[in-house]
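Me: I would like to go through the pockets of this model and ask what each label rests on. Please set the values against the definitions.

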Amino acid sequence: MIAVSLGLVAALCWGLHDFTIRRVGGKADVAAMFALVTIFGLIPLVPIALLVGGWGAIGTQQVLLALAAGVGTVCANIALYRAFTIGPVSLVAPICGSYPVLSVLFAIARGQEAGLQEWLAVLAVVAGVAIVARGEGGASSGSRVAAAGWAALASVSFAVTFGLAQWSAETGAHMPVAAITRVTALVIAGVWLLQRRPSFAGLGGIWPALLLMGCLDVCAVSAVTLAGGMENAEYASVASSIFGIVTILLAWKFLHEPMRAFQWGGVALVFAGIAALGLA
């Protein structure tokens with residue numbers, strides 16, 4: 001149940017994160033925004049990681065896993081951005097939201113058992129997310145095949161990132177792992193910036209929103225990482241996948257975007273799946 005709760009915390013943070021993106025997206029270069037969000041995320045993370053400790057539990061294997069998780073984080077975010085830029089939400093979101101299935105398969109590959117109730121719960125969550133996303137519609141600005149490919153890459157990258165981060169944190173070095181993962185993402189973002197040489201115009205007016213996004217992202221990643229070493233740690237990844245629904249509900253509440261009846265049914269299916277995981 002603790003792993004599920006951590007996943008729900010992550011979903012709430014990422015939902016707020018993506019809701020914020022809707023307000024600032026397109027106002028500055030994506031590479032510059034990603035780098036600044038990553039930097040802002042380190043502001044609360046580094047002091048906490050230094051104070052909490054656990055660095056003595058970091059060995060070569062943990063460092064390598066955390067570095068790989070950092071690479072996965074960048075791949076997931078770039079693929080997610082590209083997918084939503086090209087394809088409609090109704091196509092991209094269900095594919096991106098399928099990573100809980102891969103997370104469970106990752107756990108099984110490492111020796112974790114998954115019974116019928118767990119699989120039904122995971123499939124209920126994935127199906128519910130897909131149902132809600134179908135109501136979003138949207139037009140495609142490019143190849144739907146390309147959009148599906150980027151979405152699939154994002155799904156795999158999310159599953160691998162969470163699996164590797166939790167594996168690395170099993171020794172108890174949760175916050176150091178989160179810090180190493182974040183610094184790795186920042187280094188890659190820096191290289192990306194040097195190659196693209198983007199304009200930094202527009203950042204001055206949206207930096208408070210980017211600061212909020214950085215803190216929310218770190219909170220979410222840290223919550224999923226903290227589940228490492230717990231029983232059924234993969235449940236945190238499954239629960240975190242409902243962040244898209246959080247974003248849609250926030251848009252319904254505060255931006256007055258419509259919610260159709262079948263979308264509410266999808267929301268109910270998601271929470272039924274989460275409840276089943278909590279009782280598993």
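Me: Which helix gives the largest share of the lining of the largest pocket?
Reply: In this predicted model, helix α3 (residues 60–86) gives the largest share, with 10 residues.

Me: What makes a residue count as lining, and which ones are closest to the centre of the largest pocket?
Reply: A lining residue has an atom within 4 Å of a point of the pocket. For the largest pocket 48 residues line it, and His17, Asp18, Ile21, Leu80 and Phe84 are the closest to its centre. The volume of this pocket is about 1,300 Å³.

Me: How does its lining divide by class?
Reply: The lining of the largest pocket holds 28 nonpolar, 14 polar and 6 charged residues.

Me: What lines the second largest pocket?
Reply: Its volume is about 240 Å³. Of its 17 lining residues, Ala107, Arg110, Glu170, Ala233 and Glu234 are the closest to the centre. Helix α7 supplies the largest share, 4 residues. By class the lining has 6 nonpolar, 8 polar and 3 charged residues.

Me: Why is Glu234 said to have no salt bridge?
Reply: A salt bridge needs a side-chain nitrogen of Lys or Arg within 4 Å of a carboxyl oxygen of Asp or Glu. The nearest side chain of opposite charge to Glu234 is Arg110, 8.2 Å away, so the cut-off is not met.

Me: Where is Glu234 found, and what does it touch?
Reply: Glu234 is in helix α10 and is buried. Leaving out residues up to four places away in sequence, Glu234 touches Ser103, Val104, Ala107, Gln112 and Gln166.

Key
Residues are numbered from 1 along each chain as its sequence is written. This is a predicted model: local features need pLDDT of at least 70, side-chain atom pairs count only at pLDDT 80 or more; totals for chains, interfaces and linings use all residues. Side-chain values use heavy atoms; hydrogens and water are left out. On a 1 Å grid over the protein atoms alone, a cavity is a set of points where a 1.4 Å probe fits but cannot get out, and a pocket is an open set with protein on both sides within 12 Å along at least five of seven lines; lining residues have an atom within 4 Å of a point. Grid points are joined across faces, edges and corners, and a volume is the space filled by probe spheres set on the points. Helices (H or I, at least four residues) and strands (E, at least two) are DSSP runs, numbered from the N terminus. Ala, Val, Leu, Ile, Met, Phe, Trp, Tyr, Cys and Pro count as nonpolar, Asp, Glu, Lys and Arg as charged, and the others, Gly among them, as polar. Buried means under 20% relative accessible area, exposed over 50%, partly exposed in between (1.4 Å probe, protein chains only). Lys and Arg count as positive and Asp and Glu as negative; His and the chain ends are not counted. Contact means heavy atoms within 4.5 Å.
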